[in-house]
Amino acid sequence: MSLPPDDFAPHAARRRRLQDTMRAAGGGIALLPAARPAVRNRDAEYPYRQDSDFLYLTGFPEPEAWLVLTAGDTDRAVLFCRDKDEERELWEGRSFGPDAAAARFGFDEAYPVSRLDELLPGMLLGQRTLFASLLRDSRIDECVRRAIEAARRHARTGQQPPSRQQDPLPLIAEMRLVKDPTEIATMRRAARISAGAHARAMRHARPGMREYEIEAELLYEFRRHGAQSVAYNTIVATGPNACILHYPAADAVLEDGHLVLVDAGCEVDGYAADITRTFPANGRYSGPQRLLYDLTVAAQEAASAATRPGLTWNDGHEAALRVLAQGMIDAGLLRGSLDGVLESKAYNRFYMHRTGHWLGLDVHDVGDYRMADAPAGAERPWRVLEKGMLLTIEPGIYVRPADDVPEAFWNIGIRTEDDALVTDEGCELITRGVPVDAREIEALMRE
């Protein structure tokens, strides 16, 4: 996940924004660690993936690193990282080391991580607030305890360590909600690669294949175009498995007449794409399948039309719900009036999730879905959408066998999901490199 030499500017700008927020709160010092390596089994580790907040602020890809930011009379951005070690590099690959890291990623200073306990106490002195996520990570708790104890022992000229503490992660989450141009460009690339992978899966799918074979086609396309990883565990679900929301790609056989639900996206430089398509294993939707498929597409269109600046996060969900609920009534899945179905939430039987989520460095990205403030005793209002936000729009319908459900719809599970960038006047679905219209999907599968 390395960066070109001139590409630290967006990360430096984000650090300055966080420092401005810290200064507005009275100033202080922030401390954030890199992600820990994770052991898969015995002495084998999972591929390393940097902590999202640390990556957002630094771009630095290595473990055993700490970011220290100060905001006040003097702003400093300091990195502590692994020192150069030729023997270690022989086994694990090259590392930057402090000097190269400072130059490559735009830090004011960089030091070996072995000096953190030595230098941090002095950096704490005279700071009003410590911005650190205590009680979340034992490394932070221990590091802060040692540093404050040392600072108190060696305080000079009446300076003291911080007397206040604030969690910086909600501040960073607010920043991450609106994407900058660099982030949007990266997410467009992830969206383009992921859409191509879904199109490949459609072209190759046929009755008799197994779910994991479809997964393999997706993974091949991700890596072939430079994505470093999947953004989340791939879902390939055929037939009744599509009614299980987080079903993994397993070994079920694609049968003639079944639908295949694929929920998959790649990660590019830390940023996720998230796409779901549902297509017929034999290349042609049956009548009942087409009826419910077109219903989910219509619900997505309604949600997309309600995704624009000035409207709220929840408006798209409500728009999709009305279309889905009316469609369920028309199809005979539900009985009663539209208002009655919505009020009773009878639709939950066939549609039990919301219509989207924030998207970014995490596939379910950070950021509150409601506004911070509300009158005393009132529920906080839904967040108002702004240009530059990125979210998914993903209505679905899942019909399990039941005595009061028309048999023609049994075991049909459908979801249609795209990634939406909020623009000046509406939203752009950046994952439409793979078709969503049923006729276009059938045409693609004939190829």
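Which residue follows α11, and what is the sign of its phi? Glycine 332 comes directly after the helix, with a positive phi near 85°.

The model is predicted: local features need pLDDT of at least 70, side-chain atom pairs count only at pLDDT 80 or more, and totals for chains, interfaces and linings use all residues. Residues are numbered from 1 along each chain as its sequence is written, and side-chain values use heavy atoms, leaving out hydrogens and water.

**Helices α11 and α6**

Helices (H or I, at least four residues) and strands (E, at least two) are DSSP runs, numbered from the N terminus. The expected span of a helix is 1.5 Å times one less than its number of residues. For the 19 residues of α11 that gives 27 Å, and the end C-alpha atoms lie 28 Å apart, which agrees.

Helix α6 covers residues 138-153, 16 in number. From first C-alpha to last it reaches 23 Å, close to the expected 22 Å. Its buried residues (under 20% relative accessible area; exposed is over 50%, partly exposed in between, with a 1.4 Å probe and protein chains only) are Ile140, Cys143, Val144, Ala147, Ile148, Ala150 and Ala151. Viewed down the axis of α6, they fall within an arc of 165°, so they line one face of the helix. The arc is taken from the directions from the helix axis to the C-beta atoms. An α-helix has 3.6 residues a turn, so residues three or four places apart point the same way. On the face of α6 turned away from the buried side sit the exposed Arg152 and Arg153. The buried residues of α6 pack against β1 (28-33), β4 (66-71), α5 (116-124) and β7 (129-131). Contact means heavy atoms within 4.5 Å.

**Nonpolar cores**

A nonpolar core is a set of buried Ala, Val, Leu, Ile, Met, Phe, Trp, Tyr and Cys residues joined through side-chain atoms within 4.5 Å. The largest has 71 residues. Those with the most contacts inside it are Ile214, Leu218, Phe279, Leu292, Met328, Leu333 and Ile397. Helix α11 (residues 313-331) supplies the largest share of this core, 8 residues. Leucine 333 touches Leu292, Met328, Phe350, Ile397, Val399, Val405, Pro406 and Phe409, leaving aside residues up to four places away in sequence. A second, separate core has 40 residues, including Ala30, Leu57, Leu79 and Met187.

**Salt bridges**

A salt bridge is a side-chain nitrogen of Lys or Arg within 4 Å of a carboxyl oxygen of Asp or Glu. By this rule there are 38. Three pairs are tabulated, with their N to O distances.

| Acid | Base | N to O distance |
|---|---|---|
| Glutamate 89 | Lysine 84 | 2.8 Å |
| Glutamate 428 | Arginine 188 | 2.8 Å |
| Aspartate 294 | Arginine 290 | 2.9 Å |

Glutamate 428 lies in strand β19 (residues 427-429) and arginine 188 in helix α8 (residues 181-204), so this pair ties together parts 240 residues apart in sequence. Glutamate 428 is partly exposed at 31% relative accessibility, and arginine 188 is partly exposed at 32%.

Aspartate 294 and arginine 290 are 4 residues apart in helix α10 (residues 287-305), about one helical turn. Aspartate 294 is partly exposed at 33%, and arginine 290 is partly exposed at 26%.

Lysine 84 is partly exposed, with a relative accessible area of 46%. Glutamate 89 is buried at 17%.

Asp53, Arg176, Lys179, Asp362 and Asp365 are linked in a network of salt bridges.
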